[in-house]
Amino acid sequence: DRVFTVGFCLGGRIAYLNATADSPIGADGTVAFYGVLRPWHPGMPSPIDRAERLRGPILGLFGEADEVVPAVQLNSFDQALASAGVDHEFVVYPEAPHGFFDPSSDQFAAASEDAWRRVVEFVSRPAAVSG
């Protein structure tokens, strides 16, 4: 009965940008694994620039050593979402690179296991009651 968008890298970026109240998807939440935050093609805004239009809940999972999503951009997005009052949680895994989530790899197995546990908990939470 509930719909969540989940994306990785560019898909995470698209998931963020679809987390608007007027999105035809109408998702109940958004999960992004290392969703790209920097400006992309002309006409395709950064999620940071659209923070005031987004709605939560949003779960973002990032690697500390991610060169595609640097800490300065993540901090800017976090602050923009907080300023807009968007329910969100960001988790940063120490030493993990971009693309760390790979259940078949031993190198970041603990981060992958924790990230998946968080996703399952996130989508299992009771639906928010509006009104």
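1. Start with Tyr34. In this predicted model, Tyr34 is buried, with a relative accessible area of 5%. The residue sits in the loop between β2 and β3, and its phi is near 40 degrees, a positive value in a residue other than glycine. Worth a look on the map of backbone angles, given that most residues other than glycine have a negative phi.

2. Glu95 makes a nice counterpart. Here too phi is positive, about 65 degrees, and the residue is not a glycine. Its place is the loop between β4 and α3. Unlike a buried residue, Glu95 is exposed, its relative accessible area being 63%.

3. Two more backbone spots to check. The peptide bond joining Gly56 and Pro57 is cis, with omega about 5 degrees; Pro57 belongs to the loop between β2 and β3. Then there is Gly85, which follows α2 and has a positive phi near 75 degrees.

4. Now the overall layout. Three helices and four strands make up the chain, and from the N terminus the elements run β-α-β-β-α-β-α. For 131 residues, a compact globule would have a radius of gyration near 14 Å, and the chain's 14 Å agrees with that. Along the principal axes, the C-alpha atoms fill a box of roughly 45 × 35 × 25 Å. Buried residues come to 40% of the 131. Of the contacts with a separation of 6 or more, 76% are between residues 24 or more positions apart.

5. The sheet is open and four-stranded, in the order β1-β2-β3-β4, with parallel pairing. β1 (4-8) and β4 are the edge strands, each pairing on one side only. From one strand to the next the twist averages 10 degrees. β1 and β2 pair over five bridges, and Gly7 stands opposite Ala32 in β2. β3 and β4 are joined by six bridges, again parallel, with Leu59 opposite Glu89 in β4.

6. How much of β2 is buried? Five of its five residues are. Side chains in a regular strand alternate between the two faces of the sheet. In β2, Gly29, Val31 and Phe33 lie on one side and Thr30 and Ala32 on the other, and all are buried, so both faces are covered.

7. What packs on the sheet? α1 lies across β1, β2 (29-33), β3 and β4, running at about 150 degrees to β1. Helix α3 (residues 109-124) also packs on the sheet and touches β1, β2, β3 and β4; its direction makes about 175 degrees with that of β3.

8. Last, α2, which I'd check by its length. The helix has 13 residues (71-83); at 1.5 Å a residue they should span 18 Å, and the end C-alpha atoms are indeed 18 Å apart. Its buried residues are Gln73, Leu74, Phe77 and Leu81. These cover an arc of only 100 degrees around the axis, which puts them on the same side of α2. The spacing makes sense, because an α-helix has 3.6 residues a turn and residues three or four places apart point the same way. Among the elements covering the buried residues of α2 are α1 (10-17), β3 (58-63) and β4 (88-93). On the face turned away from that buried side are the exposed residues Ala71, Val72, Gln79 and Ser83.

Methods
Residues are numbered from 1 along each chain as its sequence is written. This is a predicted model: local features need pLDDT of at least 70, side-chain atom pairs count only at pLDDT 80 or more; totals for chains, interfaces and linings use all residues. Side-chain values use heavy atoms; hydrogens and water are left out. Helices (H or I, at least four residues) and strands (E, at least two) are DSSP runs, numbered from the N terminus. The expected span of a helix is 1.5 Å times one less than its number of residues. Buried means under 20% relative accessible area, exposed over 50%, partly exposed in between (1.4 Å probe, protein chains only). The arc is that of the directions from the helix axis to the C-beta atoms. Contact means heavy atoms within 4.5 Å. Two strands pair if DSSP finds at least two bridges between them. Axes are lines fitted to C-alpha atoms, for helices over the stretch in contact, and angles run from 0 to 180 degrees between N-to-C directions. The radius of gyration is taken over C-alpha atoms; the globule rule is 2.2 Å times the number of residues to the power 0.38.
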